[in-house]
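User: Hey, can you walk me through some of the packing and strand pairing in this one?
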Amino acid sequence: MFPDGSPLTVAMEEEEYTAISMDVEESPSPSITPRDPPKIQRLEESVVNRIAAGEVIQRPVSAVKELVENSLDADSTSINVTVKDGGLKLIQVSDDGHGIRREDLPILCERHTTSKLSKYEDLFSLSSMGFRGEALASMTYVAHVTVTTITKGQIHGHRVSYRDGVMEHEPKACAAVKGTQIMVENLFYNMIARRKTLQNSADDYGKIVDLLSRMAIHHNNVSFSCRKHGAVKADVHSVVSSSRLDSIRSVYGVSVAKNLIKVEVSSGESSGCAFDMEGFVSNSNYVAKKTILVLFINDRLVECSALKRAIEIVYAATLPKASKPFVYMSINLPREHVDINIHPTKKEVSLLNQEIMIEMIQSEVELKLRNTNDTRTFQEQKVEYIQSTLKSSRSDTPVSPLPSGQKTPKVPVHKMVRTDSSDPAGRLHAFLQPKPHNLPDNVSSLSAVRSSIRQRRNPKETADLSSVQELLSGVDSCCHPGLLETVRNCTYVGMADDVFALVQYQTHLYLANVVNLSKELMYQQTLRRFAHFNAIQLSDPAPLSELILLALQEEDLDPENYEKDHLKERIAEMNTELLKEQTEMLEEYFSVFIDSDGNLSQLPVILDQYTPDMDRVPEFLLCLGNDVEWEDERACFQGVSAAIGNFYAMHPPLLPNPSGDGIRFYTKTSEKSPQENPALGGNVEMESVLDQDLLSDAENAWAQREWSIQHVLFPSMRLFLKPPASMASNGTFVKVASLEKLYKIFERC
């Protein structure tokens with residue numbers, strides 16, 4: 001036997017291959033018969049409807065959009081959406097609209113049944129959301145639909161279920177609230193492939209929340225809510241609002257709303273494209289990872305990829321790091337210029353002169369961005385605080401040594417604090433020109449002032465009266481913990497103007513209303529020192545009647561009307577007699593002494609080392625006479641304390657501030673003789689000169705006030721003041737800058 005691969009074996013294989021080849025060549029080729037054309041058949045109606053349903057209801061969010069738009073067409077003012085398993089198990093939409101008539105229920109879910117159209121031409125002047133009559137019909141082919149509705153004037157509602165476009169049973173009478181409730185259950189139960197691709201319920205629920213958020217900021221005359229089935233808290237909760245910006249704030253948050261710029265574009269027929277656009281775009285402070293474009297055209301939520309690309313190009317070219325914007329736009333244009341019948345879900349529209357419109361909007365957005373990027377403004381806003389436990393002051397906190405080998409934690413650059421309340425270095429006044437040094441002689445050194453303040457930190461000898469204790473308890477209960485933390489640890493930087501001081505807390509810079517702060521501090525100190533005041537003795541007793549009459553004359557808007565003089569004198573006499581009757585109580589509890597002749601000779605000391613502006617004594621006495629309720633004990637003590645607090649508050653002096661434009665109030669004209677200026681011949685020249693005495697008084701008054709604010713008011717505030725919650729919103733504290741945000745701005749430079 002020859003092994004495989006021998007010459008004999010190869011020869012035999014070649015002979016066999018030749019024989020097989022000859023057999024193939026000799027066999028006849030099979031004949032190819034031509035196929036007949038396939039027959040075109042009409043699909044069954046159920047198949048057609050299911051195919052159409054798959055185009056209209058692509059995802060659960062598509063069903064929610066159609067149902068919510070139907071609710072808006074029904075003039076609803078409240079729309080509530082409940083979702084289970086991302087909408088696959090349950091979508092429930094309830095509204096308070098006009099409802100559905102009983103006689104319309106049999107054809108409600110048939111295809112192409114609608115109340116919006118009667119003929120094709122109506123498409124060119126359509127103002128409603130839906131119009132094709134496919135949404136409800138499509139849902140019945142891919143889900144189980146139940147409708148509960150009641151119309152105005154009916155004593156009960158009706159409930160009916162639908163399957164494949166027809167009613168499963170006759171409408172049943174039931175209890176119902178105003179409007180319509182539609183439940184879509186087991187969505188895509190008969191489309192296994194699509195249902196499997198939509199198993200990520202969290203993703204679908206997020207799309208539903210996003211849809212309703214967009215609807216809520218545009219339809220701000222309708223309240224929206226959206227929650228998961230069984231959840232207590234709604235993920236979308238908007239209320240009716242008159243302002244679009246308020247709607248954005250309630251839905252997308254304060255951080256988005258405060259960084260928006262309003263944009264408006266209006267174009268007439270002369271430009272070849274008639275439309276009106278209004279909206280909001282984000283400024284350079286807004287930071288996001290993706291673009292949010294909320295676009296409504298004729299009140300219809302749509303998408304426009306061309307407009308989105310155009311706006312992104314503007315932001316990429318204008319702002320650094322290609323910042324992604326937040327954009328809300330509402331465009332209104334003639335209905336005949338819009339074709340809304342180009343997409344099964346009405347997701348896209350076709351516009352006449354779309355390129356011109358986008359170019360105009362792009363130019364306006366670019367202009368707004370460039371203007372805000374050149375000059376930055378800080379608007380008033382509520383002070384933002386994190387409610388946390390109050391920190392102890394730095395001086396009271398023990399410093400524990402770090403373990404051996406452990407380095408001090410590094411503070412990020414954007415978190416570094418320039419100064420704090422215990423370190424006055426670097427304050428604003430150190431860089432300004434020095435103020436006059438001729439302050440009153442009785443002003444002691446700074447250390448003496450602070451020592452005196454600390455001695456009166458916690459007065460224990462308050463009067464044991466229930467009314468006073470109630471007032472003090474009210475001060476404690478209304479205290480804002482975030483503001484208290486700020487006041488305890490803030491640093492005085494300097495005066496920004498006559499009323500506001502700049503203060504720093506951690507990495508934030510605030511404008512603080514000195515008048516409001518000092519008024520509240522003096523009021524609280526009056527209550528705490530009740531019946532235990534030191535006294536200021538007036539060198540010359542002042543007659544009450546003359547002081548009150550002076551205050552009445554200052555308040556009179558028509559001082560030339562002499563007919564009122566008798567009335568003013570009568571009011572002054574009545575108030576004088578009233579205060580003389582209360583002199584015993586005023587002296588015992590508030591150290592305000594009025595003698596039997598009606599002369600004021602003593603005032604209380606509210607803060608050591610501080611004397612009030614005596615120019616405001618007339619106003620104080622008039623306030624005591626007119627604004628205090630003397631019959632009720634609690635109201636009386638509160639009214640007197642408020643009057644004293646207003647009197648002792650650090651108001652701007654009555655003399656105008658001599659710095660800046662205020663200097664013109666101290667100029668006077670005088671004649672200059674010809675001998676002093678021979679070139680004028682015999683003419684007399686008028687020249688402006690400063691009234692040095694009045695100017696010196698004004699400079700001293702303003703310098704004394706600023707010294708008191710820095711060295712008396714703010715140290716006392718840190719120890720005594722319990723700021724009420726109202727100060728967080730009434731403009732007393734206004735955040736003007738934050739180191740973190742400024743660091744982002746300068747980081748780009």
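Analyst: Sure, here is a quick tour of some helix contacts, strand pairings and buried residues. Keep in mind that this is a predicted model.

User: Cool. At what angle do H12 and H14 pack?
Analyst: About 140 degrees, and their axes are 10 Å apart. H12 covers residues 466-477 and H14 covers residues 514-528. The crossing of H12 past H14 is left-handed.

User: Which residues in H12 and H14 meet there?
Analyst: From H12 you have Val468, Leu471, Leu472 and Val475. H14 brings Tyr523, Gln524, Leu527 and Arg528. Sorted by class, that contact has six nonpolar residues, one polar and one charged.

User: And H17, which of its residues are buried?
Analyst: Thr583, Met585, Leu586, Tyr589 and Phe590 are buried in H17, which spans residues 583-590. They sit on the same side of H17, because they cover an arc of only 165 degrees around the axis.

User: What do those buried residues pack against?
Analyst: Against H14, H16 (565-581), E21, E22 and H19 (633-648). Just after H17 comes serine 591, with a positive phi of about 55 degrees.

User: You mentioned E21 and E22. In what order do the strands of their sheet run?
Analyst: The order is E20-E22-E21, an open sheet of three strands with antiparallel pairing. E20 (534-543) and E21 (593-594) are at the edges with a single partner strand each, so each has one side without a neighbour in the sheet.

User: How many bridges between E20 and E22?
Analyst: Six, in the antiparallel sense, with E22 covering residues 599-605. As one example, proline 543 has asparagine 599 in E22 as its bridge partner.

User: Switching topic: what do E18 and E19 form?
Analyst: A hairpin, with two residues between the strands. Glutamine 506 in the turn has a positive phi of about 55 degrees. E18 (residues 500-505) and E19 (residues 508-513) run antiparallel and are joined by six bridges. Glutamine 504 pairs with leucine 509 in E19 as its bridge partner.

User: Which strand does E19 pair with over five bridges?
Analyst: That would be E25 (residues 733-738), again in the antiparallel sense. Leucine 511 stands opposite valine 734 in E25.

User: Last one: is threonine 82 buried or exposed?
Analyst: Buried: its relative accessible area is 17%, and the cut-off for buried is under 20%. Threonine 82 lies in E1 (residues 78-84).

User: What does threonine 82 touch?
Analyst: Leaving out residues up to four places away in sequence, threonine 82 touches Leu90, Ile91, Gln92, Arg227, Lys228 and His229.

Methods. Residues are numbered from 1 along each chain as its sequence is written. This is a predicted model: local features need pLDDT of at least 70, side-chain atom pairs count only at pLDDT 80 or more; totals for chains, interfaces and linings use all residues. Side-chain values use heavy atoms; hydrogens and water are left out. Axes are lines fitted to C-alpha atoms, for helices over the stretch in contact, and angles run from 0 to 180 degrees between N-to-C directions. Helices (H or I, at least four residues) and strands (E, at least two) are DSSP runs, numbered from the N terminus. A crossing is left-handed if the near helix is turned anticlockwise from the far one by less than a right angle, and right-handed if clockwise. Contact means heavy atoms within 4.5 Å. Ala, Val, Leu, Ile, Met, Phe, Trp, Tyr, Cys and Pro count as nonpolar, Asp, Glu, Lys and Arg as charged, and the others, Gly among them, as polar. Two strands pair if DSSP finds at least two bridges between them. Buried means under 20% relative accessible area, exposed over 50%, partly exposed in between (1.4 Å probe, protein chains only). The arc is that of the directions from the helix axis to the C-beta atoms.
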